[in-house]
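Visitor: I'm new to this one, and I'd like a close look at a single part. Could you take me to the place where the two chains meet, and then show me what sits around it?

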Number of protein chains: 2
Amino acid sequence: MTPTLTTITLADMAAIARGGAFLGTGGGGDPTIGRLMAEHALAAHGPVPVIDVDMLDDSALVVPVAMMGAPTVMLEKLPRGDEAQVALATLERVLGRKADAVLCIEAGGLNSTIPIAVAATCRLPLVDGDGMGRAFPELQMVSMTMADIHACPMAMADEKGNAVVLNAIDNLATEKLARAITVEMGGSALIALYPMRGSEAKRAVLRGSLSLIHRIGHLIAEERTGNRHPADRLEAELSGRRLFEGRVVDVERRTEGGFARGTAQLTGLNRDDGRCLTVRFQNEFLVAETADGTPVALTPDLICLLDLETAEPITTEQVRYGFRVIVFGLPCDPSWRSPRGLDLVGPGAFGYAHAYRPLGAPA
Amino acid sequence: MTPTLTTITLADMAAIARGGAFLGTGGGGDPTIGRLMAEHALAAHGPVPVIDVDMLDDSALVVPVAMMGAPTVMLEKLPRGDEAQVALATLERVLGRKADAVLCIEAGGLNSTIPIAVAATCRLPLVDGDGMGRAFPELQMVSMTMADIHACPMAMADEKGNAVVLNAIDNLATEKLARAITVEMGGSALIALYPMRGSEAKRAVLRGSLSLIHRIGHLIAEERTGNRHPADRLEAELSGRRLFEGRVVDVERRTEGGFARGTAQLTGLNRDDGRCLTVRFQNEFLVAETADGTPVALTPDLICLLDLETAEPITTEQVRYGFRVIVFGLPCDPSWRSPRGLDLVGPGAFGYAHAYRPLGAPA
């Protein structure tokens, strides 16, 4: 049972950044930048109240804010600082009303923390939940799409001061247009989208993910303080599975079409046992398979890489030769295992031929 | 002296489409589609009043509407019909007021006629003028930029029903973002941009270009009816120069980055005289040079290709092997020859090494 988070203060940020990066399954942005932005805003404006989605008035306006783009770009093209607020303010102008609460679109080092910075600066509460329960690379890959909520109007802003408002015909068209704009904006953009009424948020949002992120971050810190490896408790408390322990022996990575795509090859720590694992990613880790191509974990289930020594989550843009890692599998939110969910975010949605099989299910 | 056009009726459309294509210098879109759209709207809604920019109230709202993209695409991806009105209506919503008049952004088969369709449908007058006095391939290449008028807010719409509003930091950033969106929209989009007050339009608009287009179209038709070649009167009345007569022997053409780029090679009709001409284009014909690379006409001066027999203007996407053509040079609007004008649309703006020399000036 995850204790409920009710307020976010400066003291919570280390746990949230780490837990966000963990559930981000390699994506969702680098935790350092987002943590700094949130800490700066919390120091200036005070704590952020965290509310359950059921506390929202049915007519309230809830707006997810996020960074969009390739995490590899975000490491070098730093945000100016106010782009997310510009995106939110732009969307508010289009809608003719102010937001009543902010929401995370996904879990991730950056996308679990930027909304905290926005909430603090705009003095708005943050809803305890998100649209993925993990991170996914594309805009339409959210629980809101399953709930027939439109991503548009959507606002985008960049660090140069450019702003764009989209009214696309559906969420896939929104993704395609927004991706082209993100690339033109230099590879990353701050966005505000899926504006929802409270009544819509109540049926669409995946609940409690901020509390869970906070809990995971704390658990990793606690275990490290006690000189225990966090993997045991993570496995027990999250119904997770340790899929592999090994060394990264090769990483092939390219930034294309606004995404960071690639493959990481791992071998067992005892080189003689011949065990190896291939992890494929597109911003997030999406497929883990053995040498003969047998999948051991498949999107939408979560594939998380942790540093073998420190249990620090490793993002797809950080992973490199020589890293010693634990590969962790976690079951996704049950809604993703529905036919509509798998259609949106199953292996086929990313061009992988594997049929989805739930984590741990017999072959 | 060009007689002033005061109303556009169905009977004027043949002349306007042809004259627009002529001043479009190979770009500005295919005249057939635009003519059909304008004729349809004029038949349904009646004639369009044409006004001098000085007739506008200083506080009036004037909005240019246009098609953006590669002309090669526009030939195959036909507009649905109402995208330009959707773009205008989207911009009006952003501005919180209705337009009082419509304007052409440039001359061209499509971009001299689509605004007529919009004006007829929305029952608005059309200003006798445009932003180029010809066609250019990029958004920032307009007299409005020289007058420090912002292209944004700018609205874009496609035939699928997607709409986008841009607020970019300057006109070059607007071009870059809009171009990426146009490519994602399938290579062409309908746009409304450079919203201006009447007072701004009075100092920015290049005046009388619709009347001139109408006159050119009529002149070509009159001379053909009289079995005279229109080139003589075009030369006399437009201060133009016949630069070359010859046959197209090679065309290299590619659609890249949302533009139709390429080169047409011409040789003299008497193959033995060894004369040849190279014409380079990016949506529009921009450079005409002899075999040794000596320029005979350079952007921003106009380079127009006419069919040798019919005097019909030839667009960059139509020109092909075997065409027998007259290459016509026309002086550009004097404002383009200023340092700021040449910076925007001189040879260097398109990556050509030639220093600008006015049409007909000694080498």
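Guide: Here is a walk that begins at the meeting of the two chains and then moves outward.

Before we start, keep in mind that this is a predicted model. Its scores are ipTM 0.86 and pTM 0.90. Chain A has an average pLDDT of 93, and 96% of its residues score at least 70. As a rule, coordinates should not be read in detail where pLDDT is low.

Now to the meeting place itself. On the chain B side, 17 residues are in contact with 17 residues of chain A. Which elements of chain B give two or more residues to that side? They are β8, residues 163-167, and α7, residues 171-184. Of the elements there, α7(B) gives the most, with seven residues. If you sort this side of chain B by class, you get 11 nonpolar residues, three polar ones and three charged ones.

Have a look at the strand next. β8 of chain A, residues 163-167, pairs with β8(B), and the two run in the antiparallel sense over five bridges. Want a spot to put your finger on? Try A:Val165: its bridge partner in β8(B) is B:Val165.

Let's step away from the meeting place and into chain A. The domain assignment splits this chain into domain 1, residues 7-209, and domain 2, residues 229-350. Their C-alpha centres lie 24 Å apart. The two domains touch as well: 30 residues of domain 1 are in contact with 25 residues of domain 2. On the domain 1 side, at least two residues each come from α1 (13-23), α3 (71-74), α6 (143-146) and α7 (171-184) of chain A. The largest share is that of α1(A), with four residues. By class, this side of domain 1 has 14 nonpolar, 12 polar and four charged residues.

Staying in chain A, you can also follow an open sheet of eight strands. Read across, the order is β16-β15-β14-β13-β12-β19-β17-β18, with antiparallel pairing. At the edges stand β16 (295-298) and β18 (313-314) of chain A; each has a single partner strand, so one side of each is left without a neighbour in the sheet. Further in, β12 (residues 241-256) and β19 (residues 324-330) of chain A pair in the antiparallel sense over six bridges. There you'll find A:Phe244 standing opposite A:Val327 of β19(A). Another residue to pick out is A:Asn283, in the loop between β14 (276-282) and β15 (284-290) of chain A. Its phi is near 65 degrees, a positive value in a residue other than glycine.

Back over in chain B, eight strands form an open, antiparallel sheet in the order β16-β15-β14-β13-β12-β19-β17-β18. Here β16 (295-298) and β18 (313-314) of chain B are the edge strands, each with a single partner, so one side of each has no neighbour in the sheet. The edge strand β16(B) pairs with β15, residues 284-290 of chain B, in the antiparallel sense over three bridges. Within that pairing, B:Val287 has B:Leu298 as its bridge partner in β16(B).

Just along from there is the loop between β16 and β17 (302-307) of chain B, which holds B:Pro300. A cis peptide bond joins B:Thr299 to B:Pro300, with omega at about 15 degrees. Chain B also has a cis peptide bond between B:Cys152 and B:Pro153, where omega is about -5 degrees. Look for B:Pro153 in the loop between α6 (143-146) and β7 (154-157) of chain B.

One last stop: a pair of helices in chain B. The axes of α1 (residues 13-23) and α9 (residues 209-225) of chain B come within 7 Å and cross at roughly 105 degrees. Angles of 65 to 115 degrees count as roughly perpendicular, which is why α1(B) is described that way relative to α9(B). Among the residues making the contact are B:Ile16, B:Phe22 and B:Leu23 of α1(B), and B:Ile213, B:Ile216 and B:Ile220 of α9(B). By class, this contact has nine nonpolar, five polar and two charged residues.

Technical notes:
Residues are numbered from 1 along each chain as its sequence is written. Chains are lettered from A and ligands numbered from 1 in the order in which they are written. This is a predicted model: local features need pLDDT of at least 70, side-chain atom pairs count only at pLDDT 80 or more; totals for chains, interfaces and linings use all residues. Two residues are in contact if their C-beta atoms, placed from the backbone, lie within 7 Å. Ala, Val, Leu, Ile, Met, Phe, Trp, Tyr, Cys and Pro count as nonpolar, Asp, Glu, Lys and Arg as charged, and the others, Gly among them, as polar. Two strands pair if DSSP finds at least two bridges between them. pLDDT is the predictor's confidence in each residue, from 0 to 100. Domain bounds come from an automatic or database domain assignment. Axes are lines fitted to C-alpha atoms, for helices over the stretch in contact, and angles run from 0 to 180 degrees between N-to-C directions. Angles under 35 degrees count as roughly parallel, over 145 as roughly antiparallel, 65 to 115 as roughly perpendicular and the rest as oblique.
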